[in-house]
Amino acid sequence: MSDLERILRRYDFRYPPEAVANRPASPRDNARLLVHDRATGRTAFARFRDLPKFLPPGAVLVLNETKVLPARIEMRKETGGKARLLYVSAERGRWKVMADRRLAVGSTLTAAKARFRVAGQDEKYYFLRPSFPIAGTPAFLERNGEAPLPPYIKNSPLGRRELKARYQTVFARRRGSVAAPTASLHFTRRLLRRLRAAGVAVKFVTLHVNLGTFAPLTERNLKEGRLHAETYEIAPATARFLNAAKRSGRPIVAVGTTVVRTLESAAVGPELSCLRGRTDIFIREGHRFRFVDRLITNFHVPRSSLLMLVSAFTGRGRVLRLYRQAIGRGFKLFSFGDSMLIC
């Protein structure tokens, strides 16, 4: 057995297929919430709308305001057949995409009256040169793309338009992700108002989620202690507020693993100072958290770097016990699933 397999087995767990959520709770804050206190070992079960009861006045809630691009799009090949593509990024005037079938380099694809020449291939990616200026990509995707749901969400009953709206946070503002910061999907504008009224500060950072969040771990990840790179940014005013809050002892509550990666990457010593860039931080057991005090997160897939991050915050054995409790109580898992608050 390889070292990689030996480690991954430590983060494995079983779940029934029906535990995977194929649609979000409605309303959003009706999702179930597991609350675990690390100091006392006590666990409570509630609804996400009850979150204000579990955060003390003065707590600072940090959310990721990235906006998901509707990055999945269907195109027609010259042969008349169809190909489903996933837009990944724009590089040197070309689209970098993944395709569900082989594309011939030099051929042309069409979608919504636009043409895309297959300009090259690199391992699992293709490079397409669109017939419109590359700056028009976001607008093209907004008009014609679909929500890029994770591969484990099968047969969602939601229609295309509803999926595009529901696989997006209510505060999404800065376009650039190909996957949602799913822990934030449970928030409603009303819940955010209630949290502020209860004395909880709400602040925003940005980390653009890329496909690496779904990628299986590799031997190279373990050897180098690095993951896929994602871009992040914290506004200077936000950093000043968060640093002052941290110095005064106010608990910093990260909403989702993307916010954890952002804050822990930006923290040099006890304060946030590296406010923008690319992070490939691999947070696993042994990581010394410099900035995050509490964590709101969904239930993650087995054998993943995301589960490792939560285990670093809480302890692997404890996390797996909490997962077993949640599954036994009928909690829903993964991107559209229920949530947990670790205090």
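**Figure 1. A close-up of the second largest pocket, with about 250 Å³ of space inside.** This view, like those that follow, comes from a predicted model. Around the second largest pocket, 15 residues form the lining. Those nearest its centre are Arg72, Arg84, Ala147, Leu149 and Leu163. If you like to sort a lining by chemistry, this one divides into seven nonpolar, five charged and three polar residues.

**Figure 2. Helix H8, residues 305-314, is mostly covered.** Here you can walk along the helix and find 10 of its 10 residues buried. The run begins with Ser305, Leu306, Leu307, Met308 and Leu309, and it carries on through Val310, Ser311, Ala312, Phe313 and Thr314. Just after H8 comes glycine 315, whose phi is positive, at about 110°.

**Figure 3. The packing partners of helix H8 include both helices and strands.** Among the helices, the buried residues of H8 pack against H1 (3-9), H7 (257-266) and H9 (316-328). The strands they pack against are E13 (226-233), E18 (294-298) and E19 (339-342).

**Figure 4. Two cysteines, 274 and 343, in a structure with zero disulfides.** How covered is each one? Cysteine 274 counts as partly exposed because its relative accessibility is 34%, a value between the 20% and 50% cut-offs. Cysteine 343, in contrast, is buried, because its relative accessible area of 16% falls under 20%. For anyone checking sulfur pairs, the structure holds zero disulfides.

Terms used:
Residues numbered from 1 in each chain as written. Predicted model: local features only at pLDDT ≥ 70, side-chain atom pairs only at ≥ 80, totals over all residues. Heavy atoms only, no water. 1 Å grid on protein atoms, 1.4 Å probe; cavity = no way out; pocket = protein on both sides within 12 Å on 5 of 7 lines; lining within 4 Å. Points joined across faces, edges and corners; volume = space filled by probe spheres on them. Nonpolar A, V, L, I, M, F, W, Y, C, P; charged D, E, K, R; others polar. Buried < 20%, exposed > 50% of the residue type's maximum accessible area, 1.4 Å probe, protein only. Helix = DSSP H or I, 4+ residues; strand = E, 2+ residues; numbered from the N terminus. Contact = heavy atoms within 4.5 Å. Disulfide = S-S within 2.5 Å.
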